[in-house]
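Visitor: I'd like a close look at one leucine and whatever surrounds it. Start with what it touches, then work outward from there.

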Amino acid sequence: MWQQTLAQPLTFSGIGLHSGQPVKVTIYPAAANHGLRFVRADLPGQPEIQAHYSKVVDTLRATTLGEGRATLSTVEHLLAALLGAGVDNARIAVEGPEVPIMDGSAGPFAVLLAATGFKSLPWPRAYLRVHRPVELRQGDQWMRVVPGEPRITYTIDFSHPLIRRQRFTVPLVSEVFAREIASARTFGFLKEVQYLQTNGLALGGSLDNAVVLDEAGVLNPGGFRFPDECVRHKILDAVGDLALLGLHLYGRLEVSRGSHEFHLRFFEHLMAQEASWRVWVPTPVTQQQQSAWFQPALWEGAPA
Ligand SMILES: [Zn+2]
């Protein structure tokens, strides 16, 4: 498996969830081993922020990355679309403090990426291959990864009559992500939305970019896109967070009642269990390529 980037630059714009203001994004192709990096194109000096869990500065309601004083919010759905499509390397220039929310899913990003096309790069993709189970528990939340082909199983449990217990499993394969996961929207409860907007947050939030539930049902006129749209969106969020790992996870990931914060805590725990995984390159590689993978700079988040 070779690394990929975009076939050509891709530009789009949309409304920021928290500011309610339009934001323009241009995704440029990048060379092998560049990784996924954001650029705050609206700030002096155009600071770069690497998509890596060590750069996460906030996970309350959205994942926010930061480098020095530059921050960028709501990166998770775009990252999910990029990882879901198999894009390893890209430079993502954002002209504002947050990535546009679009329809609350990764569907519009996935469609734009597919229409732009992909380019294979002459460098193999490396995986973090798990050969011993790693687990983390915290109250009623738990996450575990066990050896096996890459896939995610997610379980959620809400007392709301339209959600309750939902469980879904998908292999981490681009076609499956595009078909089953990308268009699942974020969801929230009317009370929370009202509270946020009273406090000047989620000003761009509406039924156009989230599934909103009250006690009786779904407020969106079209209802859910899938009967189990909520758990599918949680998988979307987990895929976006996996893009912050720095290497492709090769293993079976299971999550119960996760959150962005808990996903990231698990990744830190996993990285620390060095006896349970190894960096694995399935494609035959040259000596030079092989030694490059063992330079920690390429996968520990330090700028290469
Ligand atoms: Zn989400």
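Guide: Leu83 is in contact (heavy atoms within 4.5 Å) with Val239, Leu242, Ala243 and His248, leaving aside neighbours within four places in sequence. This is a predicted model, so local features need pLDDT of at least 70 and side-chain atom pairs count only at pLDDT 80 or more, while totals for chains, interfaces and linings use all residues. Residues are numbered from 1 along each chain as its sequence is written, and side-chain values use heavy atoms, with hydrogens and water left out.

Leu83 itself sits in helix α1, residues 76–85. Helices and strands here are DSSP runs, numbered from the N terminus: H or I over at least four residues for a helix, E over at least two for a strand. The C-alpha atom of Leu83 is also 8.4 Å from that of Ser174, although their positions lie 91 residues apart along the chain.

Stay on α1 and you get to the metal. His77 (NE2), His233 (NE2) and Asp237 (OD) coordinate the zinc ion at 2.1 Å. Donors are N, O and S atoms within 2.8 Å of the metal (3.2 Å for Na, K and Ca), and with water not among the atoms a site may look incomplete. Written as a spacing in sequence, the donor residues read H-x155-H-x3-D. His77 in α1 and His233 in helix α5 (residues 229–242) are 156 residues apart, so this pair links distant parts of the chain. Both His77 and His233 are buried, where buried means under 20% relative accessible area, exposed means over 50% and partly exposed is in between, using a 1.4 Å probe and protein chains only.

Helix α5 has another residue to look at, Glu229. Glu229 is buried, with a relative accessible area of 0%. Not counting neighbours within four places in sequence, Glu229 is in contact with Gln166, Ser183, Ala184, Arg185, Val211 and Phe224.

Now for the open space. The largest pocket holds about 960 Å³. A pocket here is found on a 1 Å grid over the protein atoms alone: an open set of points where a 1.4 Å probe fits, with protein on both sides within 12 Å along at least five of seven lines, and lining residues have an atom within 4 Å of a point. Grid points are joined across faces, edges and corners, and the volume is the space filled by probe spheres set on them. The lining counts 36 residues, and Arg61, Thr186, Phe187, Gly188 and Glu192 lie nearest the centre. α1 and α5 turn up again here: along with β16 (187–189), α4 (190–198) and α6, each supplies at least two lining residues. The largest share, 6 residues, comes from α4.

Past α4, in the loop that leads to β17 (211–213), you'll find Leu201. Leu201 is partly exposed, at 31% relative accessible area. His18 is 183 residues away along the chain, yet its C-alpha atom is 5.2 Å from that of Leu201. With residues up to four places away left out, Leu201 touches His18, Arg61 and Leu196.

Helix α6 takes us to a sheet. Here 5 strands form an open sheet with mixed pairing, in the order β12-β13-β19-β14-β15; two strands pair if DSSP finds at least two bridges between them. β12 and β15 (165–171) are at the edges with a single partner strand each, so one side of each has no neighbour in the sheet. Neighbouring strands are turned by 5 degrees against each other on average, direction ignored. α6 packs on this sheet, touching β12, β13, β14 (151–157) and β19, and its direction makes about 140 degrees with that of β12. Such axes are lines fitted to C-alpha atoms, for helices over the stretch in contact, and angles run from 0 to 180 degrees between N-to-C directions.

Within the sheet, β12 (residues 134–138) and β13 (residues 141–146) run antiparallel and share 5 bridges. Glu135 has Arg144 as its bridge partner, and Gln138 has Gln141. The two strands make a hairpin with 2 residues between them, and Gly139 in the turn has a positive phi of about 60 degrees.

One last backbone detail is Arg257, where phi is positive, near 55 degrees, in a residue other than glycine. Arg257 lies in the loop between β19 (252–256) and α6 (260–272).
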